[in-house]
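Let's take a walk through this model together. Have the sequence and the 3D view open, and we'll go one stop at a time.

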There are 2 protein chains.
Amino acid sequence: MAESPSSGGRAGFGSRLVAATEARGRLCAGIDPHPSLLRDWGLGADVAGVETFTRICVEAFAGTVALVKPQVAFYEAFGSKGFAILERALSDLSDGGALTLADAKRGDIGSTMAAYADAWLSGGSPLAVDAVTVSPYLGFGSLEPALSLAEETGRGVFVLAATSNPEGRSVQGAMLDRDGRAVELAQDIVDRAAQRNAPHVAAGEPSGPVGVVVGATLERAPRLDDLAGPILMPGVGAQGAGPADVDRLAGDCRRLALPNISRGILRHGPDADALAAAVARAAGEYPA
Amino acid sequence: MAESPSSGGRAGFGSRLVAATEARGRLCAGIDPHPSLLRDWGLGADVAGVETFTRICVEAFAGTVALVKPQVAFYEAFGSKGFAILERALSDLSDGGALTLADAKRGDIGSTMAAYADAWLSGGSPLAVDAVTVSPYLGFGSLEPALSLAEETGRGVFVLAATSNPEGRSVQGAMLDRDGRAVELAQDIVDRAAQRNAPHVAAGEPSGPVGVVVGATLERAPRLDDLAGPILMPGVGAQGAGPADVDRLAGDCRRLALPNISRGILRHGPDADALAAAVARAAGEYPA
């Protein structure tokens, strides 16, 4: 495993991620305790229900999946008590050998972005994860405090680029003038991530630390050939996309494409064994 | 005070906000416990420091300012313990008569956006505020769960439109095709907010519940004439903008322009009396 010169001795996120997918496949399993799933599992749509749901998911996923993605909003809905559940889950997932990705979609500027980076990407934080999703509405450059801290601490960042929801086009499909050439916003985000990854790959890492989010349900995705970073692909499973869509959109970058399934797996709960079997089956569909 | 037909008997956010600014001026005071300010106040950059900083701000602002805006990132940096401090502050601010605005910049799709809406805009949540900032990178339409819940519960939403940081242009200045006409993304966000506010104003409310964020330091802002909703204007004070900038950018919408000062006031702490005097002075510069 190549060691990043910039992560203080610890291997960089790209190296750790590729090692994890080689051992466990490329699946990213979601933990989304939303009210309807809690009800389906016979749990209350309350703090106790979220806690039980999360514990079962952690049991089923921690030892088997490369990357586990809790959806932060479902914890935030219960305030500090919800965050306490998330903190414990993140720690237990790491203990089980899974990498953790907080789906937080944070984005801000200056010292505020630095505080979000501290929350998710600094080793001393109770919410520390291996990677976090961020939103670039304030400009890709506004994310710099998170990108820098991720490099320093051997962690990663996934930047929203082209999301799978139909409303996303009204923003992500807007056109920018770049040196006199028209470029789609989603493509510009991918290209800036690629620039940020280039020195890492030049230094011998198998992937840079800056990933992008690209919906697996899209007919047409941005060009990803030069990204040299991971591609998180939601929309697989219940939302209709499958291995063929992931292959088609990722092309030659298939090795770094991480299909994300949430509902398609979670509907097999609350039985922990059934859930573990479902996630192992799904992981098998996306080998390294 | 006009009563919104859609907010279950409670007055709508627009009505409550205008009443608050008429009583206390249009100032929005920030609570940003960032590490350098904590040090300046002689406090530790830790949970105890954030708690003391927040308590002093709440004492100085709750009884005097129309709108108080805690910056969520600085609480999130301390995980569940940070959120517990924020919960108490929000409750104390409301008890003192200030409206609360959580600067969270949340944005997601579907049931996830609904969970963020629940966190900040449902009455039963420990994090319930009068309004929250949201980010439209996934499309203005993706924010619908928050807009609907805000209407239902008499709360508000401020959508990022044109931010003051230079990197913001690389996204917010992108061009959209709207019925064959080229429109800037930031303008499109303002126009969609205006559409969402129109029925409220038609029903007699002095402002709709959907605000926008427009940097007071911008040379050129989107047209705001038809918004009929509040305009949060960061960049005033330490960042260099003042009453003349607010007036120039807001034009005829001046009555709904809410200048946001954070550092310019917070540098007067930790003495609670000096802080209260500074915030009262600043509020006086922006009368209703």
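Before the first stop, a word on terms: a cavity here is a set of grid points where a 1.4 Å probe fits but cannot get out, and its volume is the space filled by probe spheres set on those points. Keep in mind, too, that what you're looking at is a predicted model.

With that rule in hand, the count comes to five cavities of 30 Å³ or more. The largest cavity holds about 50 Å³ of space. Who lines it? From chain A come A:Lys105, A:Gly107, A:Ser135, A:Leu138 and A:Leu160, and from chain B come B:Lys105, B:Arg106, B:Gly107, B:Ser135 and B:Leu138. Sorted by class, that lining has three nonpolar, four polar and three charged residues.

Since both chains show up in that lining, let's look at how they meet. Chain A brings 54 residues to the contact, and chain B brings 54 residues as well. Between them the two chains bury about 4,000 Å², with 60% of it on carbon and sulfur atoms. Which three residues of chain A supply more of its buried area than any other three? They are A:Glu76, A:Tyr137 and A:Leu138, which together account for 18% of the area chain A buries against chain B. You've met A:Leu138 already, as part of the lining of the largest cavity.

A:Glu76 also turns up in another role. Side chains of opposite charge can pair when their charged atoms come close. Here, A:Glu76 forms a salt bridge with B:Arg106, and their closest N and O atoms are 2.8 Å apart. Across the interface of chain A and chain B there are four salt bridges, along with 21 residue pairs in polar contact.

Which elements of chain A give two or more residues to the side that touches chain B? The list includes helices H4 (73-76), H5 (79-95) and H6 (110-121), as well as strands S3 (99-106) and S5 (156-162). H6(A) has the largest share, with seven residues. Taken by class, the residues on this side of chain A divide into 28 nonpolar, 17 polar and nine charged.

Now step back from the interface. Over all chains, the salt bridges number 36. One to find within chain A joins A:Arg178 and A:Asp188, with the closest N and O atoms 2.7 Å apart. A:Arg178 sits in strand S6 and A:Asp188 in helix H9, 10 residues apart in the chain.

Finally, a few spots in the backbone. The peptide bond from A:Gly269 to A:Pro270 is cis, with omega near 5°. You'll find A:Pro270 in the loop between helix H11 (263-266) and helix H12 (272-284) of chain A. In chain B, the bond from B:Gly269 to B:Pro270 is cis too, with omega near 5°, and B:Pro270 lies in the loop between helices H11 and H12 of chain B. The last stop is A:Ala228, in the loop between strand S8 (210-214) and strand S9 (231-233) of chain A. Phi of A:Ala228 is near 55°, a positive value in a residue other than glycine.

Note on methods:
Residues numbered from 1 in each chain as written. Chains lettered and ligands numbered in written order. Predicted model: local features only at pLDDT ≥ 70, side-chain atom pairs only at ≥ 80, totals over all residues. Heavy atoms only, no water. 1 Å grid on protein atoms, 1.4 Å probe; cavity = no way out; pocket = protein on both sides within 12 Å on 5 of 7 lines; lining within 4 Å. Nonpolar A, V, L, I, M, F, W, Y, C, P; charged D, E, K, R; others polar. Contact = heavy atoms within 4.5 Å. Buried area = accessible area lost by both parts, 1.4 Å probe. Salt bridge = Lys/Arg side-chain N within 4 Å of Asp/Glu carboxyl O. Polar contact = N/O pair within 3.5 Å; in protein donor to acceptor, adjacent residues only side chain to side chain. Helix = DSSP H or I, 4+ residues; strand = E, 2+ residues; numbered from the N terminus.
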